[in-house]
Amino acid sequence: MSYVLAFAGSNSSVSINYKLTKYTTTLLKNTEVHIRDMSRYPFPMYSQDAEKENGYSNSLVEFKNEISGAKGLIISVNEHNSYPSAYFKNVVDWLSRLDKEFLVGKKILLMATSNGGRGAIGALEAAEKMLTRFKGEVIETFSLPKYSENFDEQKGIINTDLAKIHSEKVNAFLKAIS
């Protein structure tokens, strides 16, 4: 049986996007989930020189293989100045050098959150364009604005309207991967 791979686009050890990702995985009943804490994946900044001198790290190859084995991906991207973080872009750069079609056939639930009222929507939109360029199929997107007001680490999304929308998007994703 295949699994869903879930991770945040942040390498912060206190990432709110990772917390949203972890919460989302609790809603996937009867589905095997592999969740990855990207703060444990310290990829160097991509450059042609680094690629030529050092090749691809074992952790990059293993991560790419885990993506390949997944029937779907849940990704929550953080936002820096209205775009996904440099870390997330760097991971995509490395993966695309290893295999330009690393997302072919992958169905994706793409999310973002921030403490601001826009809910990292700029990063969400940019990440969607980036992932579809590498043939990923974004099934649903979800933005959680005002994280500190709308999310509780014990209860999850506490705004009932947002919780309902999130649940509907998770269910649509599950239907797409089944």
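Select Lys64 first and show what surrounds it: apart from neighbours within four places in sequence, Lys64 is in contact with Leu95, Leu98, Asp99 and Phe102. The model on screen is a predicted one. Colour helix α3, residues 58-69, to see the element that holds Lys64. Is Lys64 buried or exposed? Its relative accessible area is 14%, and Lys64 counts as buried because the cut-off is under 20%.

**The whole chain**

Now zoom out and show the protein chain as a cartoon. Seven helices and nine strands can be picked out in the protein chain. The C-alpha trace spans about 50 × 40 × 25 Å along its principal axes. For 178 residues, a compact globule would have a radius of gyration near 16 Å, and the protein chain agrees, with 16 Å.

Switch on the surface. About 9100 Å² of the protein chain is accessible, and carbon and sulfur atoms account for 47% of that. Of the 178 residues, 48% are buried. Colouring by charge brings up 22 positive and 20 negative side chains, with the centres of the two sets 3 Å apart.

Contacts can be sorted by how far apart the partners sit in sequence. Among those between residues at least 6 apart, 79% join residues at least 24 apart.

**Helix α5**

Next, select residues 121-133, which form helix α5. From first C-alpha to last, this helix of 13 residues reaches 19 Å, close to the 18 Å expected at 1.5 Å a residue. Which residues of α5 are buried? They are Gly122, Ala123, Leu124, Ala126, Ala127, Met130 and Leu131.

To see what covers the buried residues of α5, add the strands β3 (70-77), β4 (79-80), β5 (83-84), β6 (107-113) and β7 (137-144), which are among the covering elements. Helix α4 (86-98) is also included in that cover.

Move on just past the end of α5 and select Lys135. Its phi is positive, at about 75 degrees.

**Thr31**

The last stop is Thr31, in the loop between α1 (16-25) and β2 (33-36). With a relative accessibility of 17%, Thr31 counts as buried. Show its contacts: beyond its neighbours within four places in sequence, Thr31 touches Val4, Lys71 and Leu174.

Finally, select Ser2 together with Thr31. How many residues apart along the chain are Thr31 and Ser2? They are 29 residues apart, and a distance drawn between their C-alpha atoms comes to 8.7 Å.

Notes. Residues are numbered from 1 along each chain as its sequence is written. This is a predicted model: local features need pLDDT of at least 70, side-chain atom pairs count only at pLDDT 80 or more; totals for chains, interfaces and linings use all residues. Side-chain values use heavy atoms; hydrogens and water are left out. Helices (H or I, at least four residues) and strands (E, at least two) are DSSP runs, numbered from the N terminus. The radius of gyration is taken over C-alpha atoms; the globule rule is 2.2 Å times the number of residues to the power 0.38. Buried means under 20% relative accessible area, exposed over 50%, partly exposed in between (1.4 Å probe, protein chains only). Contact means heavy atoms within 4.5 Å. Accessible areas come from the Shrake-Rupley method with a 1.4 Å probe; for residues, only the protein chains shown count as cover. Lys and Arg count as positive and Asp and Glu as negative; His and the chain ends are not counted. The place of a charge is taken as NZ of Lys, CZ of Arg, CG of Asp or CD of Glu. The expected span of a helix is 1.5 Å times one less than its number of residues.
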